[in-house]
Amino acid sequence: MSGLQCLATENIWFDKHRYDEAEKRFYEGANGPTTQQQQQGGQGKTAQHAKGRQQKPRHRNSSSHGAGDQELVTRMKSLELENQTLHKVVEDMRAALQKLESRVAFLEKSPAPAAAPCAKAAPVQAAPVKQVNVTNGGDDDDDDIDLFGSDEEDEEAKRLKQERLEAYAAKKAKKPTVIAKSSILLDVKPWDDETDMGKLEECVRSVQMDGLLWGASKLVPVGYGIKKLQINCVVEDDKVGTDILEEEITKFEDYVQSVDVAAFNKI
């Protein structure tokens, strides 16, 4: 069969408008109607759409205008509250300033009192002031001025201070003083076993000074026939020290080799 015969048997070209209409409907269902069909649609729908579009901006404008008014009202309320707070702060500061001014004015009008050096000197100040008022014959200008009050106060304070010092010194003199004393045990060592220990003890006891009192003594063996002198004494701490005792005893070089403190006790 040739090509012409094949085309003769096909009827698609005779039904082309049907296929075009079907294709058109397919694309309209998939993509929506074309611009030309929308323009050819009912004028009522177009008018309704136009009215709806006109009403939407109006609604938007009204809603935006209402939101702006609400925000403005809120800001005005906050500003009013802040203004009231500032007014209150200003009023408080003004009241405090008025109190301060009144206090300063009162202090400027009132005369400054003279500083009393002693608490007990205040009653003494009243007598000279009254005497000056009487002698001046009731002069109002001189009543408030005391030209000699400060000198009399100083003299009175010095007198009271001196009396107190004297009373304290007398009280301290009557109080018995405690004398600090100590008991010292000394070890006096000779040179050798041939040293006369009796003479050595006599030399030690010959050391006499204020605040020193010698006590008991004994001979203690050291070794190899050598004995040391162990002697006790009581001293006043303010007058006699161990250094002085060692220095005075070691002056006897013929008998004494060294002096050591074996015991030291406070009494």
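This is a short tour of the structure, stop by stop, with a suggestion of what to select at each one. Keep in mind that the model is predicted.

**Stop 1: the whole chain**

Start with the protein chain in cartoon view. Its 267 residues include a buried share of 13%. You should be able to find nine helices and four strands. Follow the chain along its sequence and the elements come in the order α-α-α-α-α-α-α-β-α-β-β-α-β. Now think about contacts between residues at least 6 apart in sequence: 68% of them join residues at least 24 apart.

**Stop 2: the strands E1, E2 and E3**

Select residues 181-189 for strand E1, 212-223 for strand E2 and 226-236 for strand E3. How do E1 and E3 run? They are antiparallel, and eight bridges join them. To see one of these positions, show Ser-183, whose bridge partner in E3 is Val-234.

E3 also pairs with E2, again in the antiparallel sense, over nine bridges. Here, pick Leu-219 and look across to Leu-229 in E3, which stands opposite. Then move to the end where the chain turns: E2 and E3 form a hairpin with two residues between them. Click on Tyr-224 in that turn, as this residue has a positive phi of about 60 degrees.

**Stop 3: the largest nonpolar core**

Next, turn on side chains for Leu-186, Val-188, Val-204, Leu-212, Trp-214, Leu-245 and Ile-249. These are the residues with the most contacts inside the largest nonpolar core, a group of 18 residues. Which elements supply at least two residues each? They are strands E1, E2 and E3, together with helix H8 (197-205) and helix H9 (242-249). E3 gives the largest share of the core, four residues. As background, nonpolar side chains in soluble globular proteins tend to be buried together.

Stay here and centre the view on Ile-249. What does Ile-249 touch, leaving aside its neighbours within four places in sequence? Its contacts are Leu-186, Val-188, Val-204, Val-207, Trp-214, Val-256 and Val-259.

**Stop 4: two cysteines**

Select Cys-203 and Cys-233. Are they buried or exposed? Cys-203 is buried, with a relative accessible area of 9%, and Cys-233 is buried as well, at 1%. Don't look for a disulfide, though: the structure holds zero of them.

**Stop 5: an aromatic pair**

Jump to Phe-26 and Tyr-27. The structure has one aromatic pair, and the rings of Phe-26 and Tyr-27 make it, with their centres 5.4 Å apart. Their planes meet at 70 degrees, so the pair is edge-to-face. Switch on a surface to compare the two residues with the solvent-facing side: Phe-26 counts as exposed at 55% relative accessibility, while Tyr-27 is partly exposed at 46%.

**Stop 6: salt bridges along the helices**

The whole structure contains 11 salt bridges, and three of them make good stops. Begin with Glu-91 and Arg-94, where the closest N and O atoms are 3.8 Å apart. Both residues lie in helix H4 (residues 43-109), three residues apart, or about one turn of the helix. Glu-91 is partly exposed, at 44% relative accessibility, and so is Arg-94, at 45%.

Now select Arg-159 and Glu-163, whose side chains meet in a salt bridge of 2.7 Å, N to O. About one helical turn separates these residues, because they are four residues apart in helix H7 (residues 149-174). Arg-159 is partly exposed at 39% relative accessibility, and Glu-163 is partly exposed at 40%.

**Stop 7: a link between distant parts of the chain**

Finish with Lys-189 and Asp-260, which form a salt bridge of 3.6 Å, N to O. Where do the two residues sit? Lys-189 is in strand E1 and Asp-260 in strand E4 (residues 258-266), so this pair links distant parts of the chain, 71 residues apart. Both ends are partly exposed, Lys-189 at 31% relative accessibility and Asp-260 at 33%.

One last selection takes you back to the helices: add Glu-156 to Arg-159 and Glu-163, and you have one network, joined by salt bridges that share partners.

Note on methods. Residues numbered from 1 in each chain as written. Predicted model: local features only at pLDDT ≥ 70, side-chain atom pairs only at ≥ 80, totals over all residues. Heavy atoms only, no water. Core = buried A, V, L, I, M, F, W, Y, C linked by side-chain atoms within 4.5 Å. Buried < 20%, exposed > 50% of the residue type's maximum accessible area, 1.4 Å probe, protein only. Contact = heavy atoms within 4.5 Å. Pairing = 2+ DSSP bridges. Phe/Tyr/Trp six-rings, centres within 6.5 Å; stacked < 30°, edge-to-face > 60°. Disulfide = S-S within 2.5 Å. Salt bridge = Lys/Arg side-chain N within 4 Å of Asp/Glu carboxyl O.
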